[in-house]
Amino acid sequence: MTSQEIRSAFLDFFKSKEHLIVPSAPMVVKNDPTLMFTNAGMNQFKDYFLGNATPSHRRVADTQKCLRVSGKHNDLEEVGHDTYHHTMFEMLGNWSFGDYFKKEAIAWAWELLTGVFKIDKSRMYATVFEGDKANGIEEDGEALELWKQFLPASQIIYGNKKDNFWEMGDTGPCGPCTEIHVDLRSDAERAEVDGATLVNKGLPTVIEIWNLVFIQFNRKANGSLEALPARHVDTGMGFERLCMLLQGKKSNYDTDVFQPVISKIAELSGKKYGDSDTCDVAMRVIADHLRAVSFSIADGQLPSNVKAGYVIRRILRRAVRYGFTFLGFSEPFICKLVPILVAQMGKYFPELEAQRSLVEKVIAEEEATFLRTLEIGIRLLDSEIEKLQKEGKAQIDGKTAFVLYDTYGFPFDLTELMAREKGLTVDQKTFEQELNAQKDRSRNAAVVETGDWVEVKSGGSFEFVGYDTCEAEAEIVRYRKVKSKGKEQYQVALNVTPFYGESGGQQGDTGYLQSADERIEVLSTHKENNLTVHITARLPQNVSAPLLAVVDVEKRTATANNHSATHLLHYALREALGKHVEQKGSMVSSGSLRFDFSHFQKVTDEEIAHVEQLVNKLIRKNAALVERRSVTMKAAKELGAMALFGEKYGDSVRVIQLGDSVELCGGTHVKATGQIGLFKITSETAISAGVRRIEAVTGENAEQVVYHLQNLFREISAFFHNTPNLLSAIKKTIGENADLQKQVESYIKEHLATFRSELLSRAVDKGEYRLVTLQEVDTQAERRMNFSPDFAKELAFQLRTSASDVVFAMTGVFGGKPAITLMLGDDVVKKGLNAAQIVREAAKHIAGSGGGQPFFATAGGKNCEGLNAALQKIIELIDSHIEAL
């Protein structure tokens, strides 16, 4: 069977068992603070297990795209080196929400595997939970007896708590599970060693393919278990492993899931898969990581330096690095693999086909950027190796290796490889200490202690009324204490709430809870899965007392203005730039709005003005809000609403229409567009290849921007004596200033020899070298310097040819930004000093970076205030190095 046939057979089987086949949820998780990525098929159904929502269908099946690269489930480092670990994988699953339980789950699993997929029964093993006395949990005798109907006792194995008791996390729903394993070894190998002894031993030829979880307990924060009111079934079968089994392969990567991509990698690299272990690993890593990165981008998560975006960037860079190191790729190549992936998986995951162009462009730009970074890292490492060889040292310091890894993404094994080629070693112990220290810092910063929910009102329901009112009578249903970074707060869930929980890019409401005796401030509101959680610094003295929940109306109104404005902006962008424009993210607060969208070039000033005009025209029309709640997705699309890729929609959706703008949205909005008042774009930038970002303000904040621009115009006009033709006057002044600057530099160049001699005469004799410094304000000559970088370089080279023992350090401000120039004479360089390394350290004081050659380097930055400190750092580094000789 082909992989597509296998996937279809699974879904068709459970459809015949009255399961609703649902689409995969996005791989990038939203509205769940405990997860960045979907790492299991059950993630999208957590609300049902937690009791926060009621399922519309009690039997469900799907194929879910998952990503395991962080936290407890982290397979990244194993990927490519073995036959079955992956970052992104498909999880085939079937679920029962309070419907069938162990009997049906086990019987149907057996029927599918042996009846439909024709797996040899003699090769199959089932594990059942052996019990755990410490937790007071008995063995799963029910599952044991059920399996005896299908397998001999010799093929049923007891498993411990680690392997056969599934838990969502430290707290929450959990229960025993039964795993199905298959022995892929040859008959001769099976005759020598009983497969039952190899189950769960990490052998790639005796593998788990399906896990049936029976969720019947709730784990509390104190570690105790309580029975759930309804019992559920949650199963997960690795699609790639199943394909390996049914296609008679020994590796997931040999199946038709991966081979088309691997074949293309081999073609592009000119290497044959199977000829070299190192090349094979590289091809497997790239084929795997291509899927993870492509699906993440298609789901709306772009590579970045924070949170989920950082994880995706790290995965992509790992693939690039393997291609660079082992396959000889020095130009972007992963982007060329995207069409193969789309052809394979686009049918079942339409977002991949729809976002193909964006995926290709983002990957291409990320590849190009990282390849440039690798080149910088190689130059830095070469310089470090050269320095160590001159000093007669044979080991690269672990801290240096960590800086290369952390700052430049330069992997340790590549540092080790380059060092070995030059006869050097790397201090791995110190590197690992630095790496672990960084991990500890990140881990400690993210630690959150969450207590158990305290139920105040048993069996309470939850209702959001915030679309219709900003205050409501309410009662606390449950609460819990949360501690983060030493700060204690409370999470409160109300039976009725007007508070909008942060989601869909809209910030959560603030306000207060009023009882007869006290007022409790609501600091923020967020969504935890589908539950609205109110954050407070303290609890009411009487948690059972009736409350009045009141939203901050002024803040809510300003937020609604900005949210509705994003809808109008989206519509205007599609009108002005084309229908290819699609929302790629947004952030809406009371103060401003941010809107990310697909577009493959900078939006011109004229286009921005046109978009602004269109939005303000829509505002002036004062179109009334048309809100349709609980609309089917089909009906919503017929109304013209667009479904955004990367969003998870339920059985029914909410449609917001403002004039010609029609969108699916769960946020709060204006009653009519005229309420927005005024719309003003404040910036337009690129955030990645093919994705632009517009930031804007509305209402009173937009007025303030206009007032500021008017005041600025008046001040500039006054500076030019209120000339009627201000623009011409400014251009004339700039031109005159440039001419004068050229005249000054021309004059200085003519007198450069005199200037050079003057500087040398002022040199400070430091014993081993002479120091010449030149700052923006030259106090000795009582004159202000404003030399261009080109002039600084020319002066430095003149000094270098004049004296070999001179160090020339110049700091100043050019074009409003701080600049550093450093020149080391030949005799100084011979002492092992490197201008580029020194400048990089000094540049930290001006919030910048720099580089160059051992004898000459420059740096730029943002913090002019740090120039003096930067100069002192240069002198300090040179003196400390020479003293150590």
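Student: What do the axes of helix α9 (residues 277-298) and helix α13 (residues 356-391) do in this model?

Tutor: In this predicted model, the two axes come within 9 Å and cross at roughly 120°.

Student: What makes α9 and α13 count as parallel, antiparallel, perpendicular or oblique to each other?

Tutor: Set the angle against the cut-offs. The crossing is at roughly 120°. Roughly perpendicular covers 65 to 115 degrees, and roughly antiparallel begins over 145. The angle fits neither class, so α9 and α13 are called oblique. As for handedness, their crossing is right-handed.

Student: Which residues of α9 and α13 meet there?

Tutor: From α9 come Val293, Ser294, Ile297 and Ala298, and from α13 come Leu358, Val359, Val362 and Ile363. Seven residues of this contact are nonpolar, one is polar and none is charged.

Student: The spacing within those lists caught my eye. What does a helix do to residues three or four places apart?

Tutor: An α-helix has 3.6 residues a turn, so residues at that spacing point the same way.

Student: Let's turn to cysteines. How many disulfides are found in the whole structure?

Tutor: A search of the whole structure gives zero.

Student: How do you know that Cys665 is in no disulfide?

Tutor: A disulfide needs two cysteine sulfur atoms within 2.5 Å. For Cys665, the nearest cysteine sulfur belongs to Cys470 and is 16 Å away. That is outside the cut-off, so Cys665 is in no disulfide.

Student: Why is Cys665 called buried, and what is Cys864 called?

Tutor: Buried means under 20% relative accessible area, and exposed means over 50%. Cys665 has 12%, so Cys665 is buried. Cys864 has 28%, which lies in between, so Cys864 counts as partly exposed.

Student: What makes helix α7 (residues 239-246) "mostly covered"?

Tutor: Seven of its eight residues are buried. They are Phe239, Glu240, Leu242, Cys243, Met244, Leu245 and Leu246. The elements covering them include helices α1 (3-16) and α9, together with strands β5 (88-97), β9 (172-183), β10 (206-219) and β11 (225-238).

Student: What comes just after α7?

Tutor: Gly248, which takes a positive phi of about 70°.

Student: And how does the whole protein chain look?

Tutor: The chain has 26 helices and 39 strands. Its C-alpha atoms fill a box of roughly 100 × 75 × 55 Å along the principal axes. Of its 885 residues, 50% are buried. Among contacts between residues at least 6 apart in sequence, 67% join residues at least 24 apart.

Definitions and conventions: Residues numbered from 1 in each chain as written. Predicted model: local features only at pLDDT ≥ 70, side-chain atom pairs only at ≥ 80, totals over all residues. Heavy atoms only, no water. Axes fitted to C-alpha atoms, helices over the stretch in contact; angles between N-to-C directions. Helix = DSSP H or I, 4+ residues; strand = E, 2+ residues; numbered from the N terminus. Parallel < 35°, antiparallel > 145°, perpendicular 65-115°, else oblique. Left-handed = near helix turned anticlockwise from the far one by under 90°. Contact = heavy atoms within 4.5 Å. Nonpolar A, V, L, I, M, F, W, Y, C, P; charged D, E, K, R; others polar. Buried < 20%, exposed > 50% of the residue type's maximum accessible area, 1.4 Å probe, protein only.
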